[in-house]
Amino acid sequence: MPAKDGVRLYTLGTAPADREKCPTIIVRMPYVRSARADKAKWIAENRKYTRRGYARIYQHCRGCGMSEGDWIPYENEREDGLALLEFVRKLPWYNGEIFLTGSSYCASAHFSCLDTDPPDVKGAALLVQDANRYNVCYRNGFFKIGLHGGWDVGMYKKKQLTQKNFAKDSFRIFPLNALSKTVFGEENPLLTEEFCHPDPADPFWQTPEGGSEYADCCNKCACP
């Protein structure tokens, strides 16, 4: 599937053979290890839904698995997610009903565009994730080194930067705003900004970089 900027995103779709039109379930996934084994797994998973009359779309997030581009947490999910909705609307089996599902970051991939209240998204099961970006990064004013920091380091440009100068104690070296260049050899602006705004009332968290498009998105859309 071509994204808005031309990057091609690997997208696997399965639909019931005995129906001309049916509802579609969407999953967007950054956690891809073996592309071949992953494909077999998701074809089998999709069939559980096609037997019940649903089509299912499974997409590798940008820079993950067989999708092109660099994976930078949160940076492209909104545009890529909206592009996927448009793609689904042009499929021959589209019946006007789309459902979103995912947990952890796979939920965030959908939170990114729910504030647009797509009228054909009829429901969503989004689990184990907070739509408030501050709560993802901090707890009681302390940066979540293990849960968020280690995840960010491991996932950032994971196909391009396969060697990273990182150890579990890297987050204990100060100043933290120098960590990006030490670990990646380049600046990771979002991670650095997260270090600089430990106060939940900081205006940074009301900007797109701080996740303003995600915040309260579940109350901005009509679907359950």
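Good morning, everyone; I would like to begin with the aromatic rings, because a search of the whole structure, taking rings as paired when their centres lie within 6.5 Å, turns up 18 aromatic pairs. Please keep in mind throughout that what we are looking at is a predicted model.

Let me take one of these pairs, made by Phe143 and Phe171, whose ring centres are 6.1 Å apart and whose planes meet at 35°, an arrangement that counts as tilted. If you trace the chain, you will find Phe143 in strand β7, which covers residues 142-143, while Phe171 sits in the loop between α5 (145-155) and α6 (179-184), so that the pair links distant parts of the chain, 28 residues apart. As for their surroundings, Phe143 is buried, and Phe171 is buried as well.

Now stay with Phe143 for a moment, and ask how its ring is placed against that of Phe195. The centres of Phe143 and Phe195 are 5.1 Å apart and their planes stand at 70°, and because edge-to-face means an angle over 60 degrees, this pair is edge-to-face. Phe195 belongs to helix α7, residues 189-195, whereas Phe143 lies in strand β7, and so the pair ties together parts of the protein that are 52 residues apart in sequence. Here too, both Phe143 and Phe195 are buried.

Which residues make up the aromatic cluster that holds these rings? Tyr134, Tyr138, Phe143, Phe166, Phe171, Phe195, Phe204 and Trp205 form one cluster, and you may wish to pick them out one by one on the structure.

Rings can also have a charge placed over them, and Arg133 is the residue to look at here. Arg133 lies over the face of Tyr74, at 3.6 Å from the ring centre, and Arg133 also lies over the face of Tyr214, at 4.7 Å from the centre of that ring.

Let me finish by stepping back to the whole protein, whose secondary structure comes to eight helices and seven strands. Its radius of gyration is 18 Å, close to the 17 Å that the globule rule gives for 224 residues, and therefore the protein is as compact as a globular protein of that length. The C-alpha trace spans about 60 × 40 × 30 Å along its principal axes, and buried residues account for 48% of the 224 residues. If we consider contacts between residues at least 6 apart in sequence, 71% of them join residues at least 24 apart. Finally, the protein exposes about 11500 Å², with carbon and sulfur atoms supplying 53% of that area.

Conventions
Residues numbered from 1 in each chain as written. Predicted model: local features only at pLDDT ≥ 70, side-chain atom pairs only at ≥ 80, totals over all residues. Heavy atoms only, no water. Phe/Tyr/Trp six-rings, centres within 6.5 Å; stacked < 30°, edge-to-face > 60°. Helix = DSSP H or I, 4+ residues; strand = E, 2+ residues; numbered from the N terminus. Buried < 20%, exposed > 50% of the residue type's maximum accessible area, 1.4 Å probe, protein only. Lys NZ or Arg CZ within 6 Å of the ring centre and 35° of its normal. Rg over C-alpha atoms; globule rule 2.2 N^0.38 Å. Contact = heavy atoms within 4.5 Å. Areas by Shrake-Rupley, 256 points an atom, 1.4 Å probe, with all protein chains shown as cover.
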